[in-house]
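Here is a set of short exercises to work through with the model open beside you. Try each task before you read its solution.

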Amino acid sequence: MEYKRISVSASGSYEIVIGNDLLGKTADYVKSVAKTQTFAVITDDTVDSFYGEKVCQSLSAAGCNICKYVFPHGEESKCSDTLMKIYSFLCQNHISRTDCLIALGGGVVGDITGYAAATFLRGLDFIQIPTTLLAQVDSSVGGKTAIDIPEGKNLVGAFKQPRLVLCDTDTLNTLPEEFIIDGMGEVVKYGMIKSAPLFELLETRTLGDIKEIAESIIEQCVSIKRDVVEADEFDKGERMLLNFGHTLAHSIEQYYNYTGITHGKAVAAGMRMITDIAEKKGYSESGLCDRLTACLERYKLNVRVEPTVPQLANACLNDKKRTSGSISIVICSEVGKSRTVKMPVDDFLKFLTEE
């Protein structure tokens with residue numbers, strides 16, 4: 001079977017493989033890039049119940065030595081307490097610097113496993129096997145790893161490129177609709193910032209169509225992210241465009257203590273809020289917010305959140321795109337065209353809060 005393959009050339013070069021029935025072939029792909037026979041699989045309890053055995057059986061049948069750590073699912077697990085438990089597990093199983101971690105799961109699993117790989121023994125290899133739409137189109141690619149702290153989302157992290165990303169589209173078949181909705185927040189983002197054709201495709205489809213065109217959507221989103229990451233791996237310029245809607249989204253997630261709203265829904269709300277403000281202030285073309293809102297509603301992302309923009313403004317100052325005296329925000333002037341606008345902090349607060 002021919003799979004779609006996308007190569008990324010960053011500080012570490014690797015392939016993203018997209019297609020169905022990949023999990024049963026995990027060992028074939030993993031052994032082609034790993035320098036070891038020893039792997040630590042990190043996953044959550046939900047993903048483990050569906051796919052843990054399949055992945056581990058593939059590795060065991062190929063003669064690999066494996067151990068597995070399972071933590072409770074949910075954003076609240078992406079914290080220092082879980083990270084310390086992962087470190088202890090790796091020590092107890094004598095994982096060495098030449099061994100390899102495997103992140104099997106969604107964005108939470110990928111983020112915390114990647115950060116453990118970046119920091120344990122000052123760094124060892126890891127492989128991403130994303131099992132949610134959001135992770136397949138976005139978080140598993142590009143090398144951003146992190147945990148959350150009470151003061152904000154993803155504020156402690158490191159850049160760590162994986163050795164391989166395996167996107168098995170079959171995993172989408174076991175996802176509840178809520179997780180497909182969540183992933184579509186990031187898919188719409190890619191259309192808004194870089195691809196009018198992708199956005200126009202989304203305007204003609206509905207939530208029920210996504211699984212049948214998932215391979216194409218994943219390929220388009222990952223290709224966009226690959227190009228951006230290769231041009232700006234460490235988030236100093238163009239890569240900031242990938243954070244469209246995220247400055248407000250992260251503040252929204254913090255407001256709900258990371259349990260009351262999913263990341264994709266927070267991104268949808270953040271994109272709509274910032275586009276509404278930008279359009280009213282002349283940064284975006286007329287009617288763009290309505291068009292974005294209509295597209296989001298096709299995928300049940302007509303999100304209304306409790307906090308107002310002024311209530312979220314101060315929390316935005318913890319955003320990673322802030323420098324000492326200024327902050328960069330991402331604005332779409334029209335569908336498929338985006339840019340960063342750097343503002344002094346006081347001007348940023350006025351931008352968000354003043355009519």
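**Exercise 1. Find out whether Cys64 and Cys167 are buried or exposed, and how many disulfides the structure has.**

Solution. Keep in mind throughout that this is a predicted model.

Step 1: Start with the accessibility of Cys64. Its relative accessible area is 8%, and buried means under 20%, so Cys64 is buried.

Step 2: Do likewise for Cys167. With a relative accessible area of 0%, Cys167 is buried as well.

Step 3: Look for bonding partners. A disulfide is a covalent bond between the sulfur atoms of two cysteines. For Cys64, the closest cysteine sulfur belongs to Cys100 and is 10.0 Å away. For Cys167, the closest cysteine sulfur is in Cys221, at 11 Å.

Step 4: Compare with the cut-off. The two sulfur atoms of a disulfide must be within 2.5 Å, so the sulfur of Cys64 is too far from that of Cys100 for a bond. The sulfur of Cys167 is likewise too far from that of Cys221. Over the structure, the count comes to zero disulfides.

**Exercise 2. Work out which parts of the chain are tied together by the salt bridge of Asp48 and Lys68, and which by that of Glu178 and Lys265.**

Solution. Side chains of opposite charge can pair when their charged atoms come close.

Step 1: Check the distance in the Asp48 pair. The side chains of Asp48 and Lys68 meet with N and O 2.7 Å apart, and the cut-off for a salt bridge is 4 Å.

Step 2: Place both residues. Asp48 belongs to helix 2 (residues 45-61) and Lys68 to strand 4 (residues 65-71), so this salt bridge ties together parts that are 20 residues apart in sequence. Lys68 is partly exposed, at a relative accessible area of 34%.

Step 3: Turn to the second pair. Glu178 and Lys265 form a salt bridge in which the closest N and O atoms are 2.8 Å apart. This pair links distant parts of the chain, since Glu178 is in helix 6 (residues 177-194) and Lys265 in helix 10 (residues 263-280), 87 residues apart. Glu178 counts as partly exposed, with 37% relative accessibility.

Step 4: Widen the view. The whole structure has 22 salt bridges. Among them is the one between Arg226 and Asp227, with closest N and O atoms 2.7 Å apart; Asp227 is partly exposed at 45% relative accessibility. A network of salt bridges also links Glu75, Lys78, Asp111, Asp148, Lys153 and Glu253.

**Exercise 3. Describe how strand 7 pairs with strand 8, and how strand 10 pairs with strand 11.**

Solution.

Step 1: Take strand 7 (residues 144-149) and strand 8. They pair in the antiparallel sense over five bridges, and the hairpin that joins them passes through two residues. To see one bridge, find Thr145, whose partner in strand 8 is Ala158.

Step 2: Move on to strand 10 and strand 11 (residues 337-344). Their pairing is antiparallel too, over eight bridges, and Ser328 has Lys342 of strand 11 as its bridge partner.

Step 3: Inspect the turn of this hairpin. Two residues lie between the strands, and Gly336 takes a positive phi near 85°.

Step 4: Check the surroundings of strand 10. Seven of its nine residues are buried, so strand 10 is largely enclosed by the rest of the structure.

**Exercise 4. Which elements give two or more residues to the lining of the largest cavity, and which supply at least two residues of the lining of the second largest?**

Solution.

Step 1: Count the cavities. There are three of 30 Å³ or more, and the largest has a volume of about 90 Å³.

Step 2: Find its lining. It is made of 12 residues, with Lys153, His250, Ala315, Asn318 and Asp319 nearest the centre of the cavity. Strand 8 (152-159) and helix 9 (246-255) are the elements that give two or more residues, and helix 9 gives the most, with four.

Step 3: Sort this lining by class. Three of its residues are nonpolar, six polar and three charged.

Step 4: Repeat for the second largest cavity, which holds about 70 Å³. Its lining includes Asn243, Ile274, Lys321 and Phe348. Helix 9, strand 10 (326-334) and helix 13 (345-353) each supply at least two residues. By class, the lining of the second largest cavity has six nonpolar, three polar and one charged.

How values were computed: Residues are numbered from 1 along each chain as its sequence is written. This is a predicted model: local features need pLDDT of at least 70, side-chain atom pairs count only at pLDDT 80 or more; totals for chains, interfaces and linings use all residues. Side-chain values use heavy atoms; hydrogens and water are left out. On a 1 Å grid over the protein atoms alone, a cavity is a set of points where a 1.4 Å probe fits but cannot get out, and a pocket is an open set with protein on both sides within 12 Å along at least five of seven lines; lining residues have an atom within 4 Å of a point. Grid points are joined across faces, edges and corners, and a volume is the space filled by probe spheres set on the points. Ala, Val, Leu, Ile, Met, Phe, Trp, Tyr, Cys and Pro count as nonpolar, Asp, Glu, Lys and Arg as charged, and the others, Gly among them, as polar. Buried means under 20% relative accessible area, exposed over 50%, partly exposed in between (1.4 Å probe, protein chains only). Two strands pair if DSSP finds at least two bridges between them.
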